[in-house]
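I sat down with a structure I had never looked at before and kept notes as I went. Here is what I looked up, entry by entry.

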Amino acid sequence: RQDRPDAIAWILKHHPELSDATLSKLIGTTKQTIQAVRDKTHWNAGNIKPRNPVTLGICTESDLEKAVALSDRSAPRPPVSYPAEQALGED
């Protein structure tokens with residue numbers, strides 16, 4: 001339980017693309033705790049050190065990789081620009 005804020009800080013630093021909902025499920029914490037760590041308003045903010053949740057035993061590496069892969073797929077892509085098409089029938 002005491003290691004969760006450290007794990008949250010690590011994920012926010014290394015994988016900011018993860019949503020709060022995904023992070024909440026992965027770490028097993030509340031969105032309020034995630035927001036407090038992000039804003040540095042957590043009651044223990046001075047002692048939080050970003051540490052890998054896999055090495056802390058909070059989640060498995062495969063779960064973390066799966067969450068990152070899913071967030072990459074759902075990330076908005078920039079629009080593709082195509083060259084201007086020639087008007088049909090005009091030569």
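**Helix 1**

I started with helix 1, which spans 4-14. Eight of its eleven residues are buried, so the rest of the structure largely encloses helix 1. I wrote down the buried ones: P5, D6, A7, I8, A9, W10, I11 and L12. A reminder to myself that this is a predicted model, so what I note here is computed from that prediction.

I then picked out P5, which sits in helix 1. Is P5 buried or exposed? P5 has 9% relative accessibility, and the cut-off for buried is under 20%, so P5 counts as buried. Leaving out residues up to four places away in sequence, I found P5 touching V37, H42 and I48. I also checked P5 against N47: they are 42 residues apart along the chain, and their C-alpha atoms are separated by 9.5 Å.

Next I tried A7, another buried residue of helix 1. A7 and K49 are 42 residues apart in sequence, with 8.4 Å between their C-alpha atoms. K49 itself belongs to the loop between helix 3 and helix 4. With 53% relative accessibility, K49 counts as exposed.

**Just past helix 1**

I moved on to H15, in the loop between helix 1 and helix 2. H15 comes out at 18% relative accessibility, so I put it down as buried. What does H15 touch, not counting residues up to four places away in sequence? I got W10 and V68. W10 was already on my list of buried residues in helix 1.

**Helix 2 against helix 3**

Here I looked at how two helices meet. Helix 2 covers residues 20-27, and it packs with helix 3 at an angle of about 110 degrees, the axes being 9 Å apart. That angle makes helix 2 roughly perpendicular to helix 3. By class, I count three nonpolar, two polar and three charged residues in the contact of helix 2 with helix 3. From helix 2 I noted D20, A21, L23 and S24, which meet K31, I34, Q35 and R38 of helix 3.

**The two sides of helix 3**

Helix 3 runs over 31-39. Which residues of helix 3 are buried? My answer is I34, A36 and V37. Looking down the axis of helix 3, I see the buried residues fall within an arc of 165 degrees, so they line one face of the helix. Those buried residues pack against helix 1 and helix 2. The face turned away from the buried side carries K31 and Q32, which are exposed. K31 had already turned up among the helix 3 residues that meet helix 2.

**The loop after helix 3**

I followed the chain on to K40, just after helix 3. K40 lies in the loop between helix 3 and helix 4. What caught my eye is that K40 has a positive phi of about 60 degrees although it is not a glycine. K40 is exposed, with a relative accessible area of 67%.

H42 is in the loop between helix 3 and helix 4 (53-56) too. Is H42 buried or exposed? H42 has 12% relative accessibility, so it counts as buried. Skipping residues up to four places away in sequence, H42 touches P5, T33, A36, V37 and I48. That ties back to my first entries, where P5 touches H42 and also V37 and I48. A36 and V37 are among the buried residues of helix 3 as well.

**The whole chain**

I left the overall view for last. How many helices and strands does the protein chain have? I found five helices and zero strands, and read along the sequence the pattern is α-α-α-α-α. The protein chain has 91 residues, and 29% of them are buried. I looked up the contacts with a separation of 6 or more: residues 24 or more positions apart account for 64% of them. The pair P5 and H42 is one of the contacts I noted above. For surface, the chain exposes about 6,900 Å², and carbon and sulfur atoms supply 51% of that.

Methods
Residues numbered from 1 in each chain as written. Predicted model: local features only at pLDDT ≥ 70, side-chain atom pairs only at ≥ 80, totals over all residues. Heavy atoms only, no water. Helix = DSSP H or I, 4+ residues; strand = E, 2+ residues; numbered from the N terminus. Buried < 20%, exposed > 50% of the residue type's maximum accessible area, 1.4 Å probe, protein only. Contact = heavy atoms within 4.5 Å. Axes fitted to C-alpha atoms, helices over the stretch in contact; angles between N-to-C directions. Parallel < 35°, antiparallel > 145°, perpendicular 65-115°, else oblique. Nonpolar A, V, L, I, M, F, W, Y, C, P; charged D, E, K, R; others polar. Arc of directions from axis to C-beta. Areas by Shrake-Rupley, 256 points an atom, 1.4 Å probe, with all protein chains shown as cover.
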